[in-house]
Each structure stands twice: as structure tokens, then as C-alpha cells.
Amino acid sequence: MNLEQEERLLLAQQRRGYNRLKFATVLEQGFVEHRVQRMRRRLLLIASTAIVFQLIYAGLDLALMPLRVSLSVMPLRLLGILVVLLAVVYCRRPQSPPRLALLAYTVTYALNGACVALIIHLCWAQGVAMPYDGLFLIVLFGYVLLGVSFRAVSLAAWGFCALFLLLGLWLTEPGAALAYQALFLLCANLIGSGGAYLQEHGQRGAWLNLRLLDLARQRAETDDARKLRLL
């Protein structure tokens with residue numbers, strides 16, 4: 001695709017809009033590659049933050065909970081860390097397909113959220129009053145820091161929050177406490193999903209503008225080179 005064709009596609013996309021957060025197929029592929037490059041630049045920071053998060057909570061488990069309870073949840077903490085490390089190795093490989101790299105990145109987030117939900121219920125089942133604030137921090141982490149698409153982060157966050165609430169309905173007696181937790185997580189996800197939509201909409205607009213500026217720069221450089229050849 002030459003410069004003129006790409007420019008026509010970009011301008012047509014700007015006129016049509018992208019409220020559904022979807023470009024034409026050719027442009028969508030370019031935007032996905034841009035997103036993967038951005039993800040890879042931030043990958044070590046995001047992964048190290050997630051690992052430190054798990055290690056801090058593992059230390060608090062050992063310090064504040066009975067040993068039998070802290071040891072029972074430790075495999076889930078270690079599983080979360082292992083999944084993050086595997087995702088880093090896969091996503092940093094240049095030969096990893098962009099869409100699969102983003103999928104691995106998002107699935108890692110979803111699995112860590114599911115691990116936290118299971119840890120909370122495992123503690124409750126053993127009589128330890130584990131607060132569910134850790135699940136809210138995972139939700140916040142995804143919507144604010146992760147940088148994946150609105151659909152991906154919303155599906156992951158709503159998914160492990162639903163898992164937490166379904167386990168609550170199955171393992172405990174429904175009551176005011178569970179209803180309050182459901183309302184809190186519902187509101188947090190609604191706010192996070194709205195913010196993620198606005199963020200991605202802005203990112204797509206910025207990408208279109210940057211591509212148009214880059215094409216204008218390339219055209220100017222081509223014109224300058226032609227003039228120099230004529231001179």
C-alpha cells in the first residue's frame with residue numbers, strides 16, 4: 001500500500017469515526033502492532049510491579065495469618081508469579097505474533113485476578129477474615145496500568161470479579177456483606193470500563209493523527225529529494 005492509499009484510508013476512518021473501537025482491517029492491523037510495541041516497552045515495569053504486589057501480600061500472609069492458612073494460599077501466589085514470568089518470556093520474543101502476545105498478556109492478568117479471588121475464599125473457608133481489597137487493587141491495576149484494549153481488560157476484570165461473587169454465593173450464605181461486595185465491585189468495574197473506553201478512543205485518535213503526520217513528513221522528504229535531483 002502506497003502513501004496515497006494509506007492517507008485516503010486514514011482520512012476516511014477519521015470521517016467515519018471509531019466509536020465501536022474498530023478500524024478498517026488494514027488500519028486495525030497497524031494499530032495492533034503499535035499497541036504491542038507499546039506493551040513491550042512497558043512490559044518489564046508492569047511485570048515487576050505485579051510480582052512485587054504478589055510478594056508483598058505473600059509476606060503479609062506469613063506475618064499476619066496462621067501458618068497453615070498462609071501455606072495453603074502460597075501455591076496460588078506462586079502460580080500468579082510463574083504465569084507472569086512465562087508471559088514476559090513469550091511477549092518479549094520478536095517472533096511472537098502481535099495478537100497472541102496481547103492475548104497472553106491479558107490472560108496473565110485474568111489468571112492473577114482469579115488467583116486472588118480464590119485466595120480470598122480459601123482464607124474465608126479456614127476462618128481467616130481476608131479483606132477483598134486485594135481484588136479491587138487487581139481491578140484498578142488492569143484498568144489503569146495494563147494498557148490493553150477496552151474489550152480485553154473489561155472481559156478479564158468482569159470475569160474474575162464474577163468468579164469471586166459466584167464462589168461467594170456457592171460457599172457462603174448470601175447476605176448483606178456479599179451484596180455490599182457485589183455492589184462495590186460492580187461500581188468499580190463500571191467506572192473502570194468507562195475510563196478504559198475513553199482511553200482507547202483517545203489512543204486511536206492519537207494514532208490516526210500520528211500516522212497522518214508521518215505520511216506528510218514522508219511526502220515532504222520525497223518532494224525535497226526530487227527537487228534536489230532536479231537541481
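**Exercise 1.** In this predicted model, work out which helices help cover the buried residues of H1, and where around the axis those residues sit.

*Solution.*
- Start with the cover: helix H2 (25-64) and helix H7 (176-230) are among what lies over the buried residues of H1.
- Next, list what is being covered. With buried meaning under 20% relative accessible area, the set is Glu6, Leu10, Ala12 and Gln13.
- These four span an arc of only 165 degrees around the axis, so they end up on the same side of H1.
- Now flip to the face turned away from that buried side: here you'll find the exposed residues Arg8 and Arg15.

**Exercise 2.** Check how the span of H1 compares with the expected one, and say what follows the helix.

*Solution.*
- H1 runs over residues 3-16, which makes 14 residues.
- From first C-alpha to last it reaches 20 Å, close to the 20 Å expected at 1.5 Å a residue.
- After H1 comes glycine 17, with a positive phi near 85 degrees.

**Exercise 3.** Take two leucines of H2, 62 and 64, and classify each as buried, partly exposed or exposed.

*Solution.*
- Leucine 64 belongs to helix H2. Its relative accessible area is 68%, and anything over 50% counts as exposed.
- Leucine 64 also joins Val52, Ile56 and Leu60 in a nonpolar surface patch of about 390 Å².
- Leucine 62, in H2 too, comes out partly exposed at 45%.
- Skip its neighbours within four places in sequence, and leucine 62 touches Leu67, Ser70 and Met74.
- As for valine 73, 11 residues along the chain from leucine 62, the C-alpha atoms of the two are 10.0 Å apart.

Technical notes. Residues numbered from 1 in each chain as written. Predicted model: local features only at pLDDT ≥ 70, side-chain atom pairs only at ≥ 80, totals over all residues. Heavy atoms only, no water. Helix = DSSP H or I, 4+ residues; strand = E, 2+ residues; numbered from the N terminus. Expected span 1.5 Å × (residues − 1). Buried < 20%, exposed > 50% of the residue type's maximum accessible area, 1.4 Å probe, protein only. Arc of directions from axis to C-beta. Contact = heavy atoms within 4.5 Å. Patch = residues over 30% accessible without salt bridge, like charges linked within 9 Å, V, L, I, M, F, W, Y side chains within 5 Å. Areas by Shrake-Rupley, 256 points an atom, 1.4 Å probe, with all protein chains shown as cover. Salt bridge = Lys/Arg side-chain N within 4 Å of Asp/Glu carboxyl O.
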